[in-house]
Amino acid sequence: MKKFSGLLLLEDGTAWDAIGFGKEGFGIGELCFNTSMTGYQEIISDPSYAEQIITFTFPHIGNVGTNSDDNESRNPMATGIITRAKPTEPSNWRNELSFDLWLGRNNITGIYGIDTRALTRRIRELGAPKAIIHFNKNGDHNVKFLRQELANWPGIQGRDLTSKVNLINELKKKNKKNLSNNSAKVLVFDFGTKLNIMNSLKNHKIEVQTISGHSTFDEIMASKPHGILLSNGPGDPAATNKFTNKVLKKLVRDTSIPIFGICLGHQLLGLALGAKTEKMNHGHHGANHPVLDLRTGRVEITSMNHGFAINTESLPQNIFESHVSLFDGSNCGIEHKDKDIFSVQYHPEASPGPHDSLYLFSKFVKMVMKYKNNERKKIS
(Lines give C-alpha, C1' and ligand atoms only; values in the text may rest on other atoms or scores of the structure.)
Protein backbone atom coordinates (compact mmCIF):
# COMPACT_ATOMS: atom_id res chain seq x y z
CA MET A 1 0.00 0.00 0.00
CA LYS A 2 1.31 3.43 -0.96
CA LYS A 3 2.25 5.66 1.93
CA PHE A 4 1.33 9.34 1.71
CA SER A 5 3.61 11.84 3.44
CA GLY A 6 0.67 14.13 4.26
CA LEU A 7 -2.57 13.63 6.14
CA LEU A 8 -5.60 15.78 6.98
CA LEU A 9 -8.01 14.81 9.75
CA LEU A 10 -11.30 16.63 10.40
CA GLU A 11 -13.27 16.67 13.62
CA ASP A 12 -16.10 14.73 11.95
CA GLY A 13 -13.74 11.76 11.68
CA THR A 14 -12.94 11.97 7.96
CA ALA A 15 -9.35 11.60 6.73
CA TRP A 16 -7.73 12.89 3.54
CA ASP A 17 -4.44 11.53 2.16
CA ALA A 18 -2.01 14.15 0.85
CA ILE A 19 1.64 14.98 0.26
CA GLY A 20 3.51 17.13 2.72
CA PHE A 21 5.76 20.18 2.31
CA GLY A 22 7.05 22.97 4.50
CA LYS A 23 7.83 21.97 8.08
CA GLU A 24 7.62 18.31 9.02
CA GLY A 25 5.25 17.79 11.93
CA PHE A 26 1.64 18.71 12.53
CA GLY A 27 -0.48 21.84 12.62
CA ILE A 28 -3.82 22.13 14.35
CA GLY A 29 -6.48 24.80 13.99
CA GLU A 30 -9.77 25.96 12.57
CA LEU A 31 -10.02 25.03 8.90
CA CYS A 32 -11.01 27.80 6.49
CA PHE A 33 -10.75 28.46 2.75
CA ASN A 34 -9.38 31.56 1.05
CA THR A 35 -10.53 32.50 -2.46
CA SER A 36 -7.79 35.03 -3.29
CA MET A 37 -5.99 34.65 -6.61
CA THR A 38 -2.89 36.58 -5.46
CA GLY A 39 -0.99 37.40 -2.30
CA TYR A 40 -0.53 34.04 -0.60
CA GLN A 41 2.44 35.38 1.40
CA GLU A 42 0.52 38.38 2.68
CA ILE A 43 -2.41 36.13 3.58
CA ILE A 44 -0.35 33.59 5.51
CA SER A 45 1.57 36.32 7.38
CA ASP A 46 -1.65 38.12 8.41
CA PRO A 47 -1.69 37.76 12.24
CA SER A 48 -5.47 37.30 12.11
CA TYR A 49 -4.85 33.71 10.92
CA ALA A 50 -3.50 32.59 14.30
CA GLU A 51 -4.56 28.99 14.99
CA GLN A 52 -6.12 28.57 11.55
CA ILE A 53 -5.36 26.20 8.67
CA ILE A 54 -5.79 27.90 5.29
CA THR A 55 -7.10 26.06 2.25
CA PHE A 56 -6.26 27.97 -0.94
CA THR A 57 -8.92 27.53 -3.61
CA PHE A 58 -6.66 29.06 -6.27
CA PRO A 59 -4.42 26.30 -7.69
CA HIS A 60 -1.25 28.27 -8.49
CA ILE A 61 0.53 28.79 -5.18
CA GLY A 62 4.28 29.39 -4.96
CA ASN A 63 4.85 30.74 -8.46
CA VAL A 64 6.19 34.14 -7.34
CA GLY A 65 8.15 32.76 -4.39
CA THR A 66 8.47 34.89 -1.27
CA ASN A 67 10.35 38.02 -0.25
CA SER A 68 10.97 40.12 2.85
CA ASP A 69 8.85 43.05 1.62
CA ASP A 70 5.52 41.22 1.41
CA ASN A 71 5.28 39.98 4.98
CA GLU A 72 2.42 41.43 7.02
CA SER A 73 4.15 40.31 10.22
CA ARG A 74 7.55 38.97 11.11
CA ASN A 75 6.22 35.70 12.54
CA PRO A 76 3.30 34.20 10.60
CA MET A 77 0.83 32.55 12.96
CA ALA A 78 -1.19 30.32 10.60
CA THR A 79 -0.85 26.70 11.69
CA GLY A 80 -1.19 25.00 8.32
CA ILE A 81 -1.55 25.38 4.55
CA ILE A 82 -3.48 23.20 2.08
CA THR A 83 -3.16 23.47 -1.72
CA ARG A 84 -4.54 21.50 -4.63
CA ALA A 85 -1.32 21.23 -6.61
CA LYS A 86 2.29 21.00 -5.54
CA PRO A 87 3.56 24.56 -4.95
CA THR A 88 5.39 25.62 -8.07
CA GLU A 89 8.99 26.75 -8.19
CA PRO A 90 9.34 30.55 -8.11
CA SER A 91 9.60 32.53 -11.32
CA ASN A 92 9.66 36.18 -10.33
CA TRP A 93 12.38 38.83 -10.11
CA ARG A 94 11.33 39.71 -6.54
CA ASN A 95 11.75 36.16 -5.24
CA GLU A 96 14.17 35.66 -2.34
CA LEU A 97 13.11 32.24 -1.06
CA SER A 98 10.93 29.45 -2.41
CA PHE A 99 7.51 29.02 -0.84
CA ASP A 100 8.42 25.58 0.53
CA LEU A 101 11.56 26.87 2.28
CA TRP A 102 9.73 29.98 3.54
CA LEU A 103 7.09 27.80 5.19
CA GLY A 104 9.79 25.66 6.78
CA ARG A 105 11.60 28.70 8.19
CA ASN A 106 8.32 29.93 9.65
CA ASN A 107 7.46 26.54 11.19
CA ILE A 108 4.34 26.07 9.09
CA THR A 109 3.28 22.66 7.80
CA GLY A 110 1.72 22.31 4.37
CA ILE A 111 0.03 19.53 2.43
CA TYR A 112 -1.04 19.26 -1.22
CA GLY A 113 -2.80 16.79 -3.50
CA ILE A 114 -6.22 17.27 -1.95
CA ASP A 115 -9.36 18.05 -3.95
CA THR A 116 -9.76 21.58 -2.57
CA ARG A 117 -13.16 22.00 -4.22
CA ALA A 118 -14.52 19.02 -2.33
CA LEU A 119 -12.79 20.22 0.85
CA THR A 120 -14.28 23.70 0.47
CA ARG A 121 -17.75 22.18 0.19
CA ARG A 122 -17.03 20.16 3.34
CA ILE A 123 -15.95 23.31 5.21
CA ARG A 124 -19.19 25.02 4.22
CA GLU A 125 -21.21 22.00 5.36
CA LEU A 126 -19.41 21.58 8.68
CA GLY A 127 -18.92 25.28 9.40
CA ALA A 128 -15.15 25.91 9.74
CA PRO A 129 -14.33 22.57 11.43
CA LYS A 130 -11.44 21.82 13.72
CA ALA A 131 -8.69 20.05 11.81
CA ILE A 132 -5.15 18.75 12.03
CA ILE A 133 -2.61 18.22 9.25
CA HIS A 134 0.51 16.06 9.48
CA PHE A 135 3.63 15.82 7.33
CA ASN A 136 6.03 12.92 7.71
CA LYS A 137 8.44 12.15 4.86
CA ASN A 138 8.20 8.43 5.53
CA GLY A 139 4.41 8.46 5.60
CA ASP A 140 4.28 7.38 9.23
CA HIS A 141 1.20 8.92 10.87
CA ASN A 142 0.23 8.11 14.44
CA VAL A 143 -3.47 8.61 13.74
CA LYS A 144 -4.54 7.81 17.29
CA PHE A 145 -2.18 10.49 18.67
CA LEU A 146 -3.26 13.02 16.04
CA ARG A 147 -6.94 12.46 16.73
CA GLN A 148 -6.32 12.90 20.44
CA GLU A 149 -4.48 16.18 19.81
CA LEU A 150 -7.38 17.33 17.67
CA ALA A 151 -9.90 16.38 20.35
CA ASN A 152 -7.91 18.31 22.97
CA TRP A 153 -7.66 21.53 20.95
CA PRO A 154 -10.19 24.02 22.40
CA GLY A 155 -11.02 25.84 19.16
CA ILE A 156 -11.20 29.59 18.62
CA GLN A 157 -14.67 30.45 19.91
CA GLY A 158 -14.55 31.96 23.39
CA ARG A 159 -10.80 32.63 23.27
CA ASP A 160 -8.74 35.80 23.09
CA LEU A 161 -5.74 35.20 20.82
CA THR A 162 -4.47 38.76 20.52
CA SER A 163 -1.72 38.25 23.09
CA LYS A 164 -0.15 35.65 20.76
CA VAL A 165 0.37 38.12 17.94
CA ASN A 166 1.43 41.34 19.66
CA LEU A 167 3.57 43.30 17.21
CA ILE A 168 4.35 46.38 19.27
CA ASN A 169 8.11 45.84 19.60
CA GLU A 170 8.40 45.05 15.91
CA LEU A 171 6.34 48.06 14.89
CA LYS A 172 8.16 50.53 17.13
CA LYS A 173 11.33 49.94 15.15
CA LYS A 174 9.49 50.77 11.93
CA ASN A 175 7.62 53.78 13.28
CA LYS A 176 10.62 56.05 13.75
CA LYS A 177 10.35 58.73 11.12
CA ASN A 178 11.38 62.36 10.79
CA LEU A 179 8.06 64.14 11.28
CA SER A 180 7.25 67.68 12.29
CA ASN A 181 6.46 68.35 15.92
CA ASN A 182 3.13 69.62 14.63
CA SER A 183 2.23 66.27 13.05
CA ALA A 184 -1.04 64.67 14.02
CA LYS A 185 -0.72 61.57 16.19
CA VAL A 186 -2.71 58.36 15.83
CA LEU A 187 -2.60 55.61 18.44
CA VAL A 188 -3.06 52.09 17.06
CA PHE A 189 -4.46 49.50 19.45
CA ASP A 190 -2.35 46.49 18.50
CA PHE A 191 -4.46 43.35 18.43
CA GLY A 192 -2.33 41.82 15.65
CA THR A 193 -1.78 44.74 13.31
CA LYS A 194 -1.05 44.11 9.65
CA LEU A 195 1.99 46.15 8.64
CA ASN A 196 0.20 47.67 5.68
CA ILE A 197 -2.25 49.35 8.05
CA MET A 198 0.74 51.18 9.49
CA ASN A 199 2.03 51.99 6.02
CA SER A 200 -1.36 53.29 4.93
CA LEU A 201 -1.47 55.64 7.91
CA LYS A 202 2.11 56.83 7.53
CA ASN A 203 1.54 57.61 3.86
CA HIS A 204 -0.52 60.53 5.15
CA LYS A 205 2.51 61.96 6.99
CA ILE A 206 1.15 61.49 10.48
CA GLU A 207 2.82 60.14 13.60
CA VAL A 208 1.78 56.57 14.36
CA GLN A 209 2.26 54.96 17.75
CA THR A 210 1.24 51.42 18.68
CA ILE A 211 -0.18 50.62 22.09
CA SER A 212 -1.26 47.45 23.87
CA GLY A 213 -4.88 46.36 23.76
CA HIS A 214 -4.68 46.40 27.57
CA SER A 215 -3.83 50.13 27.69
CA THR A 216 -5.80 52.19 30.22
CA PHE A 217 -7.79 55.34 29.54
CA ASP A 218 -5.28 57.46 31.47
CA GLU A 219 -2.35 56.02 29.50
CA ILE A 220 -4.11 56.80 26.25
CA MET A 221 -5.01 60.34 27.19
CA ALA A 222 -1.46 61.00 28.44
CA SER A 223 -0.25 60.41 24.87
CA LYS A 224 -2.56 63.20 23.65
CA PRO A 225 -3.68 61.40 20.47
CA HIS A 226 -5.59 63.06 17.66
CA GLY A 227 -7.04 59.76 16.51
CA ILE A 228 -7.34 56.11 17.52
CA LEU A 229 -7.29 53.07 15.24
CA LEU A 230 -8.42 49.64 16.42
CA SER A 231 -6.50 47.03 14.46
CA ASN A 232 -7.32 43.62 13.06
CA GLY A 233 -6.45 40.50 15.01
CA PRO A 234 -7.37 36.86 15.71
CA GLY A 235 -9.72 35.11 18.08
CA ASP A 236 -13.23 35.65 19.42
CA PRO A 237 -14.08 39.37 19.80
CA ALA A 238 -16.35 38.59 22.76
CA ALA A 239 -13.31 37.26 24.64
CA THR A 240 -11.07 40.23 23.78
CA ASN A 241 -13.96 42.55 24.65
CA LYS A 242 -13.60 41.56 28.30
CA PHE A 243 -10.55 43.82 28.63
CA THR A 244 -11.25 46.40 25.91
CA ASN A 245 -14.89 47.23 26.57
CA LYS A 246 -14.40 49.56 29.52
CA VAL A 247 -11.72 51.76 27.95
CA LEU A 248 -13.42 51.93 24.54
CA LYS A 249 -16.74 52.88 26.12
CA LYS A 250 -15.02 55.67 28.04
CA LEU A 251 -13.23 56.94 24.93
CA VAL A 252 -16.55 57.09 23.08
CA ARG A 253 -18.48 58.63 25.95
CA ASP A 254 -15.97 61.09 27.41
CA THR A 255 -13.93 62.27 24.41
CA SER A 256 -14.43 63.41 20.83
CA ILE A 257 -11.28 61.69 19.55
CA PRO A 258 -11.93 60.12 16.09
CA ILE A 259 -11.94 56.31 16.15
CA PHE A 260 -11.51 53.94 13.19
CA GLY A 261 -11.85 50.16 13.55
CA ILE A 262 -10.74 47.43 11.14
CA CYS A 263 -11.88 43.77 11.24
CA LEU A 264 -11.47 42.67 14.90
CA GLY A 265 -11.26 46.37 15.76
CA HIS A 266 -14.63 46.82 14.04
CA GLN A 267 -16.15 44.05 16.15
CA LEU A 268 -14.65 45.37 19.40
CA LEU A 269 -15.93 48.87 18.64
CA GLY A 270 -19.37 47.43 17.94
CA LEU A 271 -19.37 45.60 21.26
CA ALA A 272 -18.31 48.76 23.11
CA LEU A 273 -21.13 50.68 21.43
CA GLY A 274 -23.68 48.13 22.61
CA ALA A 275 -23.96 45.70 19.70
CA LYS A 276 -23.41 41.93 19.80
CA THR A 277 -21.16 39.64 17.76
CA GLU A 278 -21.79 36.12 16.50
CA LYS A 279 -19.81 33.21 15.05
CA MET A 280 -20.23 32.82 11.30
CA ASN A 281 -20.66 29.41 9.66
CA HIS A 282 -17.44 29.50 7.64
CA GLY A 283 -16.49 33.18 7.68
CA HIS A 284 -15.22 35.38 4.87
CA HIS A 285 -11.67 34.86 3.60
CA GLY A 286 -10.54 36.27 0.28
CA ALA A 287 -9.74 39.34 -1.79
CA ASN A 288 -12.81 39.31 -4.00
CA HIS A 289 -15.69 40.10 -1.63
CA PRO A 290 -18.25 42.65 -2.87
CA VAL A 291 -19.47 45.12 -0.26
CA LEU A 292 -22.28 47.66 -0.71
CA ASP A 293 -21.98 51.18 0.72
CA LEU A 294 -25.57 51.75 1.86
CA ARG A 295 -25.21 55.53 1.75
CA THR A 296 -23.85 55.92 -1.77
CA GLY A 297 -24.89 52.69 -3.50
CA ARG A 298 -21.23 52.17 -4.45
CA VAL A 299 -19.92 48.61 -4.56
CA GLU A 300 -16.38 47.95 -3.34
CA ILE A 301 -14.43 44.76 -3.98
CA THR A 302 -12.71 44.09 -0.68
CA SER A 303 -10.22 41.88 1.13
CA MET A 304 -11.67 39.95 4.08
CA ASN A 305 -10.51 37.60 6.79
CA HIS A 306 -12.94 37.03 9.63
CA GLY A 307 -14.99 34.28 11.26
CA PHE A 308 -17.16 36.50 13.47
CA ALA A 309 -19.52 39.35 12.61
CA ILE A 310 -21.59 42.06 14.26
CA ASN A 311 -25.26 41.15 14.57
CA THR A 312 -27.01 43.95 12.67
CA GLU A 313 -30.22 43.64 14.65
CA SER A 314 -28.31 44.41 17.85
CA LEU A 315 -27.05 47.84 16.71
CA PRO A 316 -28.19 50.65 19.05
CA GLN A 317 -30.19 53.58 17.70
CA ASN A 318 -27.25 56.00 17.58
CA ILE A 319 -25.28 53.67 15.28
CA PHE A 320 -26.17 53.04 11.65
CA GLU A 321 -25.08 50.25 9.35
CA SER A 322 -22.89 51.71 6.60
CA HIS A 323 -21.83 48.63 4.61
CA VAL A 324 -23.13 45.10 3.96
CA SER A 325 -21.77 42.02 2.25
CA LEU A 326 -23.35 41.29 -1.12
CA PHE A 327 -22.56 37.61 -0.60
CA ASP A 328 -24.70 37.01 2.49
CA GLY A 329 -25.97 40.39 3.75
CA SER A 330 -23.81 40.28 6.87
CA ASN A 331 -22.66 43.52 8.46
CA CYS A 332 -19.51 45.06 7.01
CA GLY A 333 -19.49 48.57 8.46
CA ILE A 334 -20.95 50.85 11.14
CA GLU A 335 -20.82 54.57 11.87
CA HIS A 336 -21.77 56.74 14.84
CA LYS A 337 -24.52 59.22 14.03
CA ASP A 338 -23.11 62.03 16.20
CA LYS A 339 -19.35 61.45 16.46
CA ASP A 340 -16.36 60.82 14.17
CA ILE A 341 -16.42 57.09 14.88
CA PHE A 342 -16.66 54.39 12.21
CA SER A 343 -15.39 50.92 11.42
CA VAL A 344 -15.42 48.27 8.70
CA GLN A 345 -15.32 44.50 8.77
CA TYR A 346 -13.03 44.25 5.76
CA HIS A 347 -9.41 45.32 5.16
CA PRO A 348 -9.12 48.72 3.43
CA GLU A 349 -5.32 48.43 3.50
CA ALA A 350 -5.78 45.29 1.37
CA SER A 351 -2.36 43.60 0.90
CA PRO A 352 -3.17 41.70 -1.16
CA GLY A 353 -5.47 44.03 -3.08
CA PRO A 354 -7.86 45.27 -4.25
CA HIS A 355 -7.52 48.94 -3.32
CA ASP A 356 -11.14 50.07 -3.65
CA SER A 357 -11.32 50.98 0.04
CA LEU A 358 -8.08 52.89 0.58
CA TYR A 359 -10.16 56.08 0.71
CA LEU A 360 -11.19 55.14 4.24
CA PHE A 361 -7.74 56.11 5.50
CA SER A 362 -8.15 59.54 3.89
CA LYS A 363 -11.57 59.83 5.53
CA PHE A 364 -10.08 58.96 8.92
CA VAL A 365 -7.12 61.34 8.55
CA LYS A 366 -9.49 64.21 7.69
CA MET A 367 -11.31 63.53 10.96
CA VAL A 368 -7.96 63.41 12.77
CA MET A 369 -6.84 66.74 11.32
CA LYS A 370 -10.18 68.37 12.17
CA TYR A 371 -9.86 67.20 15.76
CA LYS A 372 -6.25 68.39 15.96
CA ASN A 373 -7.15 71.85 14.64
CA ASN A 374 -10.06 72.15 17.08
CA GLU A 375 -7.76 71.24 19.98
CA ARG A 376 -5.27 73.88 18.84
CA LYS A 377 -8.04 76.52 18.77
CA LYS A 378 -9.02 75.65 22.34
CA ILE A 379 -5.44 76.20 23.51
CA SER A 380 -5.07 79.52 21.67
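How many aromatic pairs does a search of the whole structure find? In this predicted model, the search returns nine aromatic pairs. One of them joins Phe99 and Trp102, whose ring centres lie 6.3 Å apart and whose planes meet at 20 degrees, so the pair is classed as stacked, given that planes under 30 degrees apart count as such. Both residues belong to helix H2 (residues 99-105), where a spacing of three residues separates Phe99 from Trp102 by about one helical turn. Phe99 is buried, with a relative accessible area of 1%, and Trp102, at 6% relative accessibility, also counts as buried. A further stacked pair is formed by Phe189 and Phe191, with 6.0 Å from centre to centre and 20 degrees between the planes; Phe189 and Phe191 are both buried. Phe99 and Trp102 are, in addition, members of one aromatic cluster that also contains Phe21, Tyr40 and Tyr112.

Aromatic rings also take part in contacts with charged side chains. The charged end of Lys363 sits over the ring of Phe342, at 4.4 Å from the centre of that ring, while Lys279 lies over the face of Phe308, with a distance of 5.2 Å from the ring centre.

Strand E3 (residues 25-34) is mostly covered, in that eight of its 10 residues are buried. With strand E7 (residues 130-135), E3 runs antiparallel and is joined to it by six bridges, and within this pairing Gly25 stands opposite Phe135 of E7. With strand E4 (residues 52-56), by contrast, E3 runs parallel, and five bridges join the two strands; here Phe33 stands opposite Thr55 of E4.

An open sheet of nine strands is found elsewhere in the numbering, with mixed pairing and the strand order E9-E8-E10-E11-E16-E15-E14-E12-E13. Strand E9 (207-212) and strand E13 (299-310) occupy the edges, and because each has a single partner strand, one side of each is left without a neighbour in the sheet. From one strand to the next, the twist averages 25 degrees. The pairing of E13 with strand E12 (residues 277-293) is antiparallel and extends over 10 bridges, with Val291 standing opposite Glu300 of E13.

Helix H9 (residues 264-273) packs on this sheet, where it touches strand E10 (227-230), strand E11 (259-262), E12, E13, strand E14 (319-325), strand E15 (331-336) and strand E16 (341-344). The direction of H9 makes about 50 degrees with that of E15. Two packed helices are described by the angle between their axes and the distance between the axes. For helix H8 (residues 237-254) and H9, the axes come within 8 Å and cross at roughly 65 degrees, and the crossing is right-handed. On the side of H8, the contact is made by Pro237, Ala238, Thr240, Asn241, Thr244, Asn245, Leu248, Lys249 and Val252, and on the side of H9 by Leu264, Gln267, Leu268, Leu269, Leu271, Ala272 and Leu273. H9 is thus in contact both with H8 and with strands of the sheet, E15 among them.

How values were computed: Residues numbered from 1 in each chain as written. Predicted model: local features only at pLDDT ≥ 70, side-chain atom pairs only at ≥ 80, totals over all residues. Heavy atoms only, no water. Buried < 20%, exposed > 50% of the residue type's maximum accessible area, 1.4 Å probe, protein only. Helix = DSSP H or I, 4+ residues; strand = E, 2+ residues; numbered from the N terminus. Pairing = 2+ DSSP bridges. Phe/Tyr/Trp six-rings, centres within 6.5 Å; stacked < 30°, edge-to-face > 60°. Lys NZ or Arg CZ within 6 Å of the ring centre and 35° of its normal. Axes fitted to C-alpha atoms, helices over the stretch in contact; angles between N-to-C directions. Left-handed = near helix turned anticlockwise from the far one by under 90°. Contact = heavy atoms within 4.5 Å.
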